[in-house]
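User: Please take a close look at one part of this structure. I would like the surroundings of a single loop residue, set against the chain as a whole.

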Amino acid sequence: MRSTYQHLLVQSDGGVLTVTMNRPEVLNAFNDVMLEELTEVMEEAASDDSVRCVVLTGAGRAFGSGQDLRSLAEARASGTRSKVSEHLQKYHRVVLAIRSMPRPVVAAVRGVAAGISCNIALACDMRIAADDARFIEAFARIGLVPDGGGGYFLTKLVGVGKAMELAMLADEISAQEAERLGIVNTCVPSAEFESAVAAFARRLASGPTRTYALIKQQIYAAADSDLASALHLEGELQDMAFETQDHQAAVLAFLQKRKPEYTGR
Ligand code: T3D
């Protein structure tokens with residue numbers, strides 16, 4: 001992993017990789033450089049055994065404001081803009097990198113998460129929000145459909161009717177409402193946000209990492225399959241979990257009345 005990026009801050013500590021989108025002057029709107037850098041980091045983290053949890057967050061007062069509309073308008077005016085479905089493939093690559101990464105990825109959302117930034121937060125495995133967070137499927141406000149997997153993620157998280165409302169009306173939802181709807185896992189007071197995110201990430205980073213990778217595979221497959229297929233996959237994944245050192249050491253620790261220590265192997 002590189003030591004510096006143009007629009008990201010990347011910091012590794014105790015197995016937690018914290019990736020901060022860093023264009024605060026435009027509320028961390030995505031330009032192509034930031035999107036490419038984020039994709040690079042997520043793809044590299046997936047094969048880096050020292051990373052046991054990834055936290056994605058934004059610098060300053062926001063998580064992110066979606067696609068940079070100024071660079072979009074400039075590219076359009078200069079005729080250098082590719083077809084939008086081609087441009088979207090770049091976003092799809094980062095969404096798929098997050099979903100397939102064999103590590104838990106947590107979005108830590110402070111302030112606004114709008115447009116495709118909102119949907120990248122939804123692509124993460126879990127979300128922690130500060131109580132000032134707000135989520136906006138802003139697309140319909142500018143005549144677009146939710147992209148970056150938004151239609152898929154929203155439907156899974158809140159169901160068809162609510163997804164329809166959030167996508168069509170594009171109203172802002174508060175952190176508290178997002179927690180009630182199941183969009184965020186937990187909402188914490190702003191003053192406690194950083195310590196709550198750090199504690200959550202540290203806990204995940206000191207868990208049975210290989211088993212977490214299997215759980216991630218299991219939960220996402222189950223969301224898209226029938227019971228018979230889910231039960232079949234469960235058996236295959238449990239065969240693998242049974243072989244991990246963390247499983248075997250944790251059983252021994254239980255029998256010896258000790259707390260287990262997970263090495264991630
Ligand atoms: O390219 C493709 O592949 C298509 C994909 C599209 C994906 C999408 O994400 S579409 C949705 C794009 N995003 C939006 O439509 C949201 C636009 N922003 C807003 O509606 C508001 O800024 C917010 C509701 C997010 C926040 O409002 P507020 O009042 O807290 O902040 P603000 O004053 O509007 O913004 C602060 C600054 O950030 C401001 O710049 P200034 O005036 O201080 O120089 C504003 O222009 C800038 N900014 C905010 N969002 C964007 C942005 N600059 C460029 N692009 C943005 N998306």
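Analyst: A residue counts as buried when its relative accessible area is under 20%, and as exposed when that area is over 50%. By that cut-off, 44% of the 265 residues of the protein chain are buried. The model is a predicted one.

The residue to look at is N28. N28 sits in the loop between β2 (16-21) and α1 (32-46). Is N28 buried or exposed? N28 has a relative accessible area of 0%, so N28 is buried.

Next, the polar partners. A polar atom of the N28 side chain lies 2.9 Å from the backbone oxygen of A59. The N28 side chain also reaches the backbone oxygen of A62, at 3.0 Å.

Then the wider contact list. Leaving out residues up to four places away in sequence, N28 touches M21, N22 and R23, among others. M34 and S117 are also among its contacts. So are G58, A59, A62, F63, G64 and S65. A59 and A62 thus appear in the contact list and as backbone-oxygen partners of the N28 side chain.

Now the chain around this loop. The protein chain holds eleven helices and nine strands. Contacts with a separation of 6 or more were sorted by sequence distance: 69% of them join residues 24 or more positions apart. A compact globule of 265 residues would have a radius of gyration near 18 Å; the chain has 19 Å, so the two agree. Its C-alpha atoms fill a box of roughly 65 × 45 × 35 Å along the principal axes.

The surface comes next. The accessible surface is about 13,600 Å², and carbon and sulfur atoms make up 55% of it. There are 27 positive and 33 negative side chains. The centres of these two sets lie 2 Å apart.

Two other sites deserve a backbone check. Most residues other than glycine have a negative phi. A170 is not a glycine, yet its phi is positive, about 55°. A170 lies in the loop between α6 (160-169) and β8 (172-174). Its relative accessible area is 1%, so A170 is buried. K257, also not a glycine, has a positive phi near 55°. K257 is placed in the segment after α11 (245-255). With a relative accessible area of 79%, K257 is exposed.

Back to the loop in question: N28 is buried at 0%, with its side chain 2.9 Å from the A59 backbone oxygen and 3.0 Å from that of A62.

Notes
Residues numbered from 1 in each chain as written. Predicted model: local features only at pLDDT ≥ 70, side-chain atom pairs only at ≥ 80, totals over all residues. Heavy atoms only, no water. Helix = DSSP H or I, 4+ residues; strand = E, 2+ residues; numbered from the N terminus. Rg over C-alpha atoms; globule rule 2.2 N^0.38 Å. Buried < 20%, exposed > 50% of the residue type's maximum accessible area, 1.4 Å probe, protein only. Contact = heavy atoms within 4.5 Å. Areas by Shrake-Rupley, 256 points an atom, 1.4 Å probe, with all protein chains shown as cover. Lys, Arg positive; Asp, Glu negative; His and termini not counted. Charge placed at Lys NZ, Arg CZ, Asp CG, Glu CD. Polar contact = N/O pair within 3.5 Å; in protein donor to acceptor, adjacent residues only side chain to side chain.
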